[in-house]
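Work through the exercises below with the sequence and the coordinates at hand, and try each task before reading its solution.

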Amino acid sequence: AYYAIDDLCTHDGGTLGEGRLRNGRVVCPRHGAQFDARTGKVLTLPAVRSVRSYEVRVEDGGLYVDCDVPIEAPR
């Protein structure tokens, strides 16, 4: 399965793309805040707001991310 979420941590702007993926969680490399890789929901402090998640689809061997409309807005 493929998932897409915003790249910047809502705590301190750390690049989530440089973080680690552990058990479906993206761990921010700066201060360790964790987000659900599927939904973008914030899971641990120090972040308190979620990041947006986006629809991902596979068509004809290509991977497409709908960046115009988030599935869920941050909370």
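**Exercise 1: the surroundings of Arg20**

Leaving aside residues up to four places away in sequence, Arg20 touches Arg25, Val26 and Val27, where a contact means heavy atoms within 4.5 Å. The model is predicted, so that local features need pLDDT of at least 70 and side-chain atom pairs count only at pLDDT 80 or more, while totals for chains, interfaces and linings use all residues. Residues are numbered from 1 along each chain as its sequence is written, and side-chain values use heavy atoms, with hydrogens and water left out.

Task: state which strand holds Arg20, and decide whether Arg20 is buried, partly exposed or exposed.

Solution. Begin with the element: Arg20 lies in strand E2, residues 20-22, where strands (E, at least two residues) and helices (H or I, at least four) are DSSP runs numbered from the N terminus. Next take the relative accessible area of Arg20, which is 49%. Buried means under 20%, exposed over 50% and partly exposed in between, with a 1.4 Å probe and protein chains only, so Arg20 is partly exposed.

**Exercise 2: unusual backbone geometry**

Task: find which non-glycine residues in the loops after E2 and after E5 have a positive phi, and name the peptide bond that is cis.

Solution. Start from the general expectation that most residues other than glycine have a negative phi, and that most peptide bonds are trans. In the loop between E2 and strand E3 (25-27) sits Asn23, which has a positive phi of about 50° and, at 80% relative accessibility, counts as exposed. The loop between E5 and E6 holds Asp60, whose phi is likewise positive at about 50°, and Asp60 is exposed with a relative accessible area of 85%. Finally, the bond from Leu45 to Pro46 is cis, with omega near 15°, and Pro46 belongs to the loop between strand E4 (34-36) and strand E5 (53-59).

**Exercise 3: the chain as a whole**

Task: how many helices and strands does the chain have, and what does its radius of gyration say about a compact globule?

Solution. Count the elements: there are zero helices and six strands. Then apply the globule rule, 2.2 Å times the number of residues to the power 0.38, with the radius taken over C-alpha atoms. For 75 residues a compact globule would have a radius of gyration near 11 Å, and the chain, with 12 Å, agrees. As a last step, note that buried residues make up 28% of the 75 residues.
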